[in-house]
Amino acid sequence: YLLQMAPEATLRLILRKKPEDRTEDDIDLVYEDLMNIKAFSHLSNTVKKELSAVIAFESHKEKATTLFKQGDRGTCWYIILKGSVNVVIASKGIVCTLHEGDDFGKLALVNEAPRAATIITNESDCQFLRVDKVHFDRILKDNEANTVRLKEHGKEVLVLQKMSLKQLKDENSSLYFKYKVMAGTPEKVLEHLLETRMSNNYEEQFNKESLFEDFLLTFPIFISWKQMTHLLVRHYKIDEQNFRQMENYIIGNKKRVVKFVVLWYKISGEAFLNCKLIWTFINELVDLLENDNGKYSNNFDSELASLRGLIENKKTFDQNLEARGVFLWKADNSNSVRRMSNFNENVLAAIEAKNTEKVAKFTAMKDFDEIITRVYCADHTYTTLKINMNTKADSIKNQAAEKLNLDNGNDYMLVELKSDNEKIAFNEMELNIPTTLSLNGRIFISHVDHLDALTTLPEQEGPVNGSINSLDSFSSQEIAYYLTTHSWKLFYNIHPYEFIYHVFGRHNFNDITSNLDLFRRHFSELQFWVITEVLLEKSLSRRVQILKKLIKVAGYCKEYKNLNAFFAIIIGLSNVAVSRLTQTWERLHSKLKRIFTQYEGLIDASRNYRRYRVILSKFTPPLIPFVPLLIKDMTMVHEGNKTFVDQGLHLLGQTLRMIQECKSGSFQIESPANLSVKKMNSPITMQDYFEQIRVIDNQKRLMQLSYSLEHRKL
Ligand code: CMP
């Protein structure tokens, strides 16, 4: 009720006195009359008392008086006693109106950042309480309310939380911000990042707080590349708004946009270079900067130089792509999607030199790469199509329908038929279909009414004879070595955004996930290879030998920090079709049995894979993590609200940063032998073996095989 009336004359008189002139009685009066308003409710009595000694009164007769402007240095904090004010942001206009009891202006004080908005009175005769910065810093800084919620047009757009003292102590004291972003709209978070995280030592800050990196690693979930460039241009053009600003602020603002772009490139890497509209945007930015050069007291030469540097990088990137050429991938009736041999010299030289980064540059799948794939009909006839990696399911369907002379393409649908006869319809917007198939899955085109009639091809059953014997002349260590170098290449090629696209529904992003797909295939291929090879060996003693060898391979994979292959093998061996073979396991040497039990413990899923996570934290990168778990971690977060950036962003960012960390450094393990040469007594090279590997991925069939080896106990 105190707010309903303006402070009476005596009170006003006291509030106008300088703090040193206030008597004890004055302070008591202020304390009793003013300190129970909402804005102070979280403060202790001692703090309120201190505040009573310094709080000031400010009133403005005229409507449309500016209290302070966006970009100003923050000098005080305000509480509205009477009237209302508009919060105006240069690029947006009035974003909200604050009323009696609301407070404003502490963001700049706490963050030591420029004012985030201009405040203009919205009616005549407005009255405020004001706490000046010196007093705010002394009395309130550590007692400040923990959360700040900013609204625009009635909706919350940013939720900030003060960092704890401990967090602040760990950080550099030159840090420009004291509030952590808890949640917000992508647009506002971007604005906030631009205003508070781009000071001169931004590189340093960048390493200190992950928000910025998290935002750039995950932004495609929330906004498109196009929207992001629009927001940046709008932010850049702050001086075009009919809005007089301090020149320094305008200049700083433009420079911050360029810094942001440079960091964006740093985080997004190849995806940034690959994105066409980015380069239109960067050229626009260059034009704007050139235009602005000379307009202000400060020039933009160094900003122009950084952008031109980016453009140079793009040129080199394009040249590399050109040199690399288009790859043709074959995904017909073999298990793996295999690369056809149209490598050019650049690629071969890079592979020869084992330069991971270069190899990745050349061998990572690109959206324009070509795939040869078959599309089958219900009668098992097929048509062969040459498509691009980014050809959409809908277009594959139409091309197939045309080649097969199907009357009305609309009556047909494109599905994956798995080896166990499960059918999965493709979303028509889905890209890189062939790489997303399950191991023995095939693409079928089917009349919508006859979907149930589809039957699997004989080849989808998988092999009838085991093949691991042809690896007899290779030691377990050599096999693990080969698997690790192979896994590493595949892992290195995955762009972090592929995880995002995969987890949040690939059809939403119009970008390929093939490199992640290939890695996931590699994982399940290893897993089913293990099961298949054990179950296709009829001789008990040979089967025991295979178990022994595989356990040893797993052990070496772990030693090589290839945790992914380690998991694949152990999960394969723990598959019930294998684990139920009691007679086989009984014959295994007790020492190996113990080792296996220990390995099984490591992949134990309880307490969210705690054992594995502990091990992982002890390993130093580079390493190959258990990728399916990373995907699971990200999927858990995915349930959140996609239009609002929140804690999920940090969790996703954390996983993605972890992936990047695993990739850091060059993966150098001691080669146990020269594996590129064909062994004297071996019929095949390891590479040929693993490229042609065929497996059974139908659990039902695996169980049947298992029962035929060792009968069900009665
Ligand atoms: P500060 O940046 O110090 O100065 C402008 C103030 O406006 C800011 O602190 C907030 O307290 C207040 N404000 C209210 N709504 C918003 C908003 N949507 N965006 C930015 N500032 C806002």
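Reader: What does Leu 573 touch in this predicted model, leaving out residues up to four places away in sequence?
Author: Leu 573 touches Val 530, Val 534, Leu 547, Leu 550, Ile 551, Val 578, Ser 579, Trp 585 and Phe 596. Each counts as a contact because heavy atoms come within 4.5 Å.

Reader: Which residues touch the most other members of the largest nonpolar core?
Author: Phe 260, Trp 264, Trp 529 and Leu 573 do, in a core of 197 residues. Helix α21, residues 514-535, supplies the largest share, 11 residues. Another core lies apart from this one. That other core has 16 residues, including Leu 67, Val 85, Cys 96 and Phe 104.

Reader: Why is Thr 436 called buried?
Author: Its relative accessibility is 16%. The cut-off for buried is under 20%, so Thr 436 qualifies.

Reader: Where is Thr 436 found, and what is it in contact with beyond four places in sequence?
Author: Thr 436 is found in helix α18, residues 433-436. Its contacts beyond that range are Glu 416, Phe 426, Glu 430, Leu 431, Arg 506 and Asp 517.

Reader: What makes the pair formed by the backbone oxygen of Ile 433 and the side chain of Thr 436 a polar contact?
Author: A polar atom of the Thr 436 side chain lies 2.7 Å from that oxygen. The limit is 3.5 Å, so the distance fits.

Reader: How do you know that the buried residues of α17 are on the same side?
Author: The buried ones are Ala 393, Ile 396, Lys 397, Ala 400 and Ala 401, in a helix spanning 393-403. They cover an arc of only 130° around the axis, which puts them on the same side of α17. An α-helix has 3.6 residues a turn, so residues three or four places apart point the same way.

Reader: What do the buried residues of α17 pack against, and which residues are exposed on the other side?
Author: They pack against β14 (370-376), β15 (382-388), β16 (412-417), α18 and β18 (442-447). Glu 402 and Lys 403 are exposed on the other side. After α17 comes Asn 405, with a positive phi near 55°.

Reader: What makes β9 and β11 edge strands?
Author: Each pairs on one side only. They belong to an open, antiparallel sheet ordered β9-β10-β11. β9 covers 147-152 and β11 covers 179-184.

Reader: How do you know that β10 and β11 pair?
Author: They share five bridges, in the antiparallel sense. At least two are required, so they count as paired. Leu 160 stands opposite Val 181 in β11.

Reader: Which helix lies across β9, β10 and β11?
Author: Helix α7, residues 186-196, running at about 45° to β10.

Definitions and conventions
Residues numbered from 1 in each chain as written. Predicted model: local features only at pLDDT ≥ 70, side-chain atom pairs only at ≥ 80, totals over all residues. Heavy atoms only, no water. Axes fitted to C-alpha atoms, helices over the stretch in contact; angles between N-to-C directions. Buried < 20%, exposed > 50% of the residue type's maximum accessible area, 1.4 Å probe, protein only. Polar contact = N/O pair within 3.5 Å; in protein donor to acceptor, adjacent residues only side chain to side chain. Core = buried A, V, L, I, M, F, W, Y, C linked by side-chain atoms within 4.5 Å. Arc of directions from axis to C-beta.
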